[in-house]
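Me: I'm new to this one and would like a close look at a single part of it. Here is what I have open.

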Amino acid sequence: MDYQTEIVGNKGYIKIEGDLDSEQSGEALRKAFNQVYDQGKRTIVLDLTGVQIINSYGIGKILMCYKRLKADNGALMVKPLQGFVKETFELLMLDKLLPQDN
Amino acid sequence: MKPQAPLPRIVVVGTNPILEELCRDVCATHGWQADSVPSTGTLHLGYAGCELLISDLAIPAQVEHVLAARSHGNSPEVLFVSSSSPAVHSQEDLLRRGANGILSGLVDSRALDAVLEAMLPRTDTGRNGLFPHSGPALITTVYDTKTLSEVKPTLCLVDELEAQGRLCGADRKKLELAFQEAVTNAVDHGSLELDSRCREQIDAQGRDHFSQLKAQRLSETYYTSRKVVISFQYSVDRYAVRVRDEGPGFSPPLAMTNPQLASELKCSGRGITIMEGSVDELSFAHGGREVCMCKHVPILPKRDKGCHGT
């Protein structure tokens, strides 16, 4: 799994490429999140359009990010999802939890 | 008095003392009859009335002998046992040639018991309802936890299903994910006895206690030597994956789908929901140590649905 981070205005963006389905990829997401978080951004947008497979590890890490931001009155958002990741989010009702950044 | 069904009779072919002893042990616990018969190269009378032949996979001549016996007479079912892990496609080849099951990897009495339980019709406890007709093909591999934490054996199964045209592209990822969730659960919560609540304990750097504890336990033989049995079973209209671990077990939730999921912000506990959303039947057995997932497939896959990967 690879990631890129970017700061635009008051938002931090994390773009993930590859699968989010292992302890290793979860750890990579944590690092990416910390990079943006440590720059003071409390609205963070995840771009998961390059993710093919996501499992409960990946979901768990995303929720961890959500909780850290929520504790600081921040917000975790997602770019519009598609395909399998969208289905998984809907199955777990995460689409109701994480607002879309259009 | 009701007439009693005859007890299954099992024959171990050839001279493999370890396999013989293993088989006798397992049969003894069920009161089944176990015999051993040397492989003579000709179809042996000793197989008469036998329900299951068990043979080592290592000796090619014996494999041929047993497959020939399978196609004669009263057609006993055939189980091959191997201490190595043959490639899935070569196992499939044996199944196509008449074998009913293959058990490989770190074979022990528990694994053999799990396989016999799936293969033999049992009137005493009732056979599991997934495969009401006899003779579904069964591939079982026994892994130690260390190996299983590094490989994804279920990927080979999904590849094979796709190659057989029994799996549509759209279903592939879902199934891959469901199978992998089951294996992950067996490793994490079974063998390594990790408690999901550790995921909620996060340090200042955002590291969770679960991952740290997992890395630690993966270096301890006490945990990593535990075995996980993965069985893949299919018949013409369905296939199933069973994953059994040697951990403490758990109490599966009564209602598996949790509608409060979005508001409940636990960082874990979604594996079961994912599995349930990906297969047609999900059940737990042996005190939560075994999960069984079953998927129904149309008997004649429709070509226009893109099931053949064109």
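Over which ring does the charged end of Arg199(B) sit, and how far is it from the ring's centre? After that, please walk me through the aromatic rings and strand S8(B).

Reply: Happy to, and keep in mind that this is a predicted model. The charged end of Arg199(B) sits over the ring of Phe210(B), at 3.7 Å from the ring's centre. Chain A has a case too: there, the charged end of Arg42(A) lies over the ring of Tyr37(A), 3.6 Å from the centre.

Now for rings that meet other rings. Over all chains, the structure holds 3 aromatic pairs. One of them is Tyr222(B) with Tyr223(B): the ring centres are 4.9 Å apart and the planes stand at 85 degrees, and because an angle over 60 degrees counts as edge-to-face, that's what this pair is. The two partners sit in quite distinct surroundings. Tyr222(B) has a relative accessible area of 54%, so it is exposed, since the cut-off for that is over 50%. Tyr223(B) has 12% relative accessibility, and because that is under 20%, it counts as buried.

Another edge-to-face pair is Phe250(B) with Phe284(B), with 5.3 Å from centre to centre and 90 degrees between the planes. This pair links distant parts of the chain, as its members are 34 residues apart. Phe250(B) belongs to the loop between strand S8 (238-244) and helix H10 (271-278) of chain B, while Phe284(B) is in strand S9 (residues 281-285). As for exposure, Phe250(B) is partly exposed, at a relative accessible area of 34%.

That loop brings us to S8(B). Here 7 of the 7 residues are buried, so the strand is largely enclosed by the rest of the structure. In a regular strand, side chains alternate between the two faces of the sheet. You can follow the two directions in S8(B): Arg238(B), Ala240(B), Arg242(B) and Arg244(B) point one way, Tyr239(B), Val241(B) and Val243(B) point the other way, and all are buried.

What lies alongside it? Strand S7 (residues 227-235) of chain B is joined to S8(B) by 7 bridges, and the two run antiparallel. A hairpin through 2 residues connects S7(B) to S8(B). If you want a spot to look at, Gln233(B) has Ala240(B) as its bridge partner in S8(B). S8(B) also pairs with strand S10 (residues 290-296) of chain B, again in the antiparallel sense and over 7 bridges. There, Arg242(B) stands opposite Cys292(B) in S10(B).

Methods: Residues are numbered from 1 along each chain as its sequence is written. Chains are lettered from A and ligands numbered from 1 in the order in which they are written. This is a predicted model: local features need pLDDT of at least 70, side-chain atom pairs count only at pLDDT 80 or more; totals for chains, interfaces and linings use all residues. Side-chain values use heavy atoms; hydrogens and water are left out. Rings of Phe, Tyr and Trp (its six-membered ring) pair if their centres lie within 6.5 Å; planes under 30 degrees apart count as stacked, over 60 as edge-to-face and the rest as tilted. Buried means under 20% relative accessible area, exposed over 50%, partly exposed in between (1.4 Å probe, protein chains only). Helices (H or I, at least four residues) and strands (E, at least two) are DSSP runs, numbered from the N terminus. A charge sits over a ring if NZ of Lys or CZ of Arg is within 6 Å of the ring centre and within 35 degrees of the ring normal. Two strands pair if DSSP finds at least two bridges between them.
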